[in-house]
Amino acid sequence: MSEFIQLIVSGLSTGSIYALAAVGFTLLWQASQTINFAQGEFVMVPAFFVLVLTVKMGLPVWLAMPLAVILAVLILGALFKRLIVEPMFRHGTIPLVIATIALGILLKEMVKEFYSPLGQPFPSLFPQTVLKIGNASISVPDIANLIIAMGTIFALQLFLSGTRTGRSMQATAQNPDVAQILGVDIKRMVLYTFLINGALAAIASILITPIYLAKFSNGETLGLVAFIAAIVGGFNQIRGALVGGLLLGVIDNLSAAYFSSEYRQALPMLLLIVIILVRPQGLLGTAEGRTV
Amino acid sequence: MSDTVLSVRNISKSFGGIHAVNDVSFDVGKGEVLGLIGPNGSGKSTLFNCVLGQLPADAGEVQIHGQRVGQMRASRLNKLGVGRTFQQLSVFPQMSVLDNIILAGQEHHGSMASRLFGPSDAGLTAEADRMIQFFKLEHLRDEMAGSLSYGQQKLVDAAMAFMAGPSLVLLDEPAGGVNLTMLANLKDRLETYNREHGTTFVVIEHNMEFVMTLCTRIIVLAEGAIIAEGTPDEIRSNQQVIDAYLGG
């Protein structure tokens, strides 16, 4: 039983980080119909911002991490929207999807070429100690990651539902034409969405990289799992992406422990297929119709 | 006319060789309820879209409160005091009725900082509740707008159009798809609002009974041009109008 609790907590911790990236997927989709297949690389890159700032420039970690978040907001948020999404969007969804796939490859190869092809140790924000709760041993980083990731998503949800700007962002996502007619500056709201996605990716990066080391290929699995989490939970709901992320984290841990670690990467795909067949709008998503 | 709210001057719009709107001019005064009617393809929607700047007119100009609107952005038009309802449903389905109505008014209030850090309702809950009460939507206040019936969503749409206190409201087929009970309620609310606030309405509608009883003046379009203009009684007995509708 204690092992089961450990696996659940650890799974929820990893899953909550997947959820950060998955929420970014859903936000971009809702606000601008952008499916960002470079999302995994968006989570990989901020870790290297931290490494450049600390290892190459000698800044302390406490300063480098917030700076990395700001860089991610500017580069992976504003610059991504300006240089990739805006020029490609007028050509339709498919060219934009291909552009984001290309961007993912470019980011990966740049990190490999200009930093290192090898995994790099990454500073953890939390002591690598273990707490004894009953018979279960729960690691402090697991608990801290879970609290920070869930707190971030909770704060985002509060912002969206509890501020005027959040309401305008929701309106832009649900019906941009009408929102604009009501006076909402929809271009600004879409920009905010991209900036938030940059911040979410950076937070996910800082939380997850100490677990896997910083490596150019980290985004491959992360991007895929976050995408699946968003679809499983419901692509048009933040709480859906949250549930999808947590579910995948827990399934991943439990399957590796009780089933087979060889098949752990296949299980998310299996879950994806089942969801698409049985409930294509996702566990918490709502069916959407679009005029084409 | 000093109290002219909307002035349409010599508007023309063609698509290829088809003259959708051909040299149309009219004025609408303060507090007037003008109906724009005509058979399918008569140019009503094109004219409506030219007035709202959603389609660039080939010729002519539109002024609202003496300001030339041209291709003014929709958000600027809204700030100029122009509200509108939509032919298609236009509520935000995953927001409550209250949030929909607050949203329709919030862009006119407060600074940039208050948008981020000020009260989430922009101080508009009381006003939104008054609007909800006015349109008799109290029992649906906290329901998600997407879960309401078509007619109820049309009422929410109307409440949203009035939330920013517009001086001119353009109603695009407000009666379309609405059942008779709901329609009577909508008409009663529009008449009351017009009487109490002196707001000017321009209505495009196919439901003749609705137009004839709501509007004070009617313009009839056929093949892109005005063929008749007058009170509902005058329009009812106009032979040209009867011919246009019956294809005579």
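Chain B contains an open sheet of four strands, ordered β2-β1-β4-β5 and paired in antiparallel fashion. The structure is a predicted model. This briefing covers that sheet, the overall form of chain B and the contact between chains A and B.

**The four-stranded sheet of chain B**

- The edges of the sheet are formed by β2 (18-29) and β5 (67-68) of chain B, each of which pairs on one side only.
- Strand β4 (residues 59-64) of chain B runs antiparallel to β5(B), and two bridges join them.
- Within β5(B), Gln67(B) is the bridge partner of Ile64(B).
- In general, the strands of a sheet pair through backbone hydrogen bonds, in either a parallel or an antiparallel manner.

**Overall form of chain B**

- Ten helices and ten strands make up the secondary structure of chain B.
- Chain B is as compact as a globular protein of its length, because its radius of gyration of 18 Å is close to the 18 Å that the globule rule gives for 248 residues.
- Along the principal axes, the C-alpha atoms of chain B fill a box of roughly 60 × 40 × 35 Å.
- Of the 248 residues in chain B, 43% count as buried.
- Among contacts in chain B with a separation of 6 or more, 67% are between residues 24 or more positions apart.

**The contact between chains A and B**

- Chain A contributes 16 residues to the contact, and chain B contributes 22 residues.
- On the side of chain A that touches chain B, the elements giving two or more residues are α6 (164-174) and α7 (176-181) of chain A.
- The most is given by α6(A), with six residues.
- This side of chain A comprises five nonpolar, eight polar and three charged residues.

Definitions and conventions. Residues numbered from 1 in each chain as written. Chains lettered and ligands numbered in written order. Predicted model: local features only at pLDDT ≥ 70, side-chain atom pairs only at ≥ 80, totals over all residues. Contact = placed C-beta atoms within 7 Å. Nonpolar A, V, L, I, M, F, W, Y, C, P; charged D, E, K, R; others polar. Pairing = 2+ DSSP bridges. Rg over C-alpha atoms; globule rule 2.2 N^0.38 Å. Buried ≥ 20, exposed ≤ 12 C-beta atoms within 10 Å, placed from the backbone.
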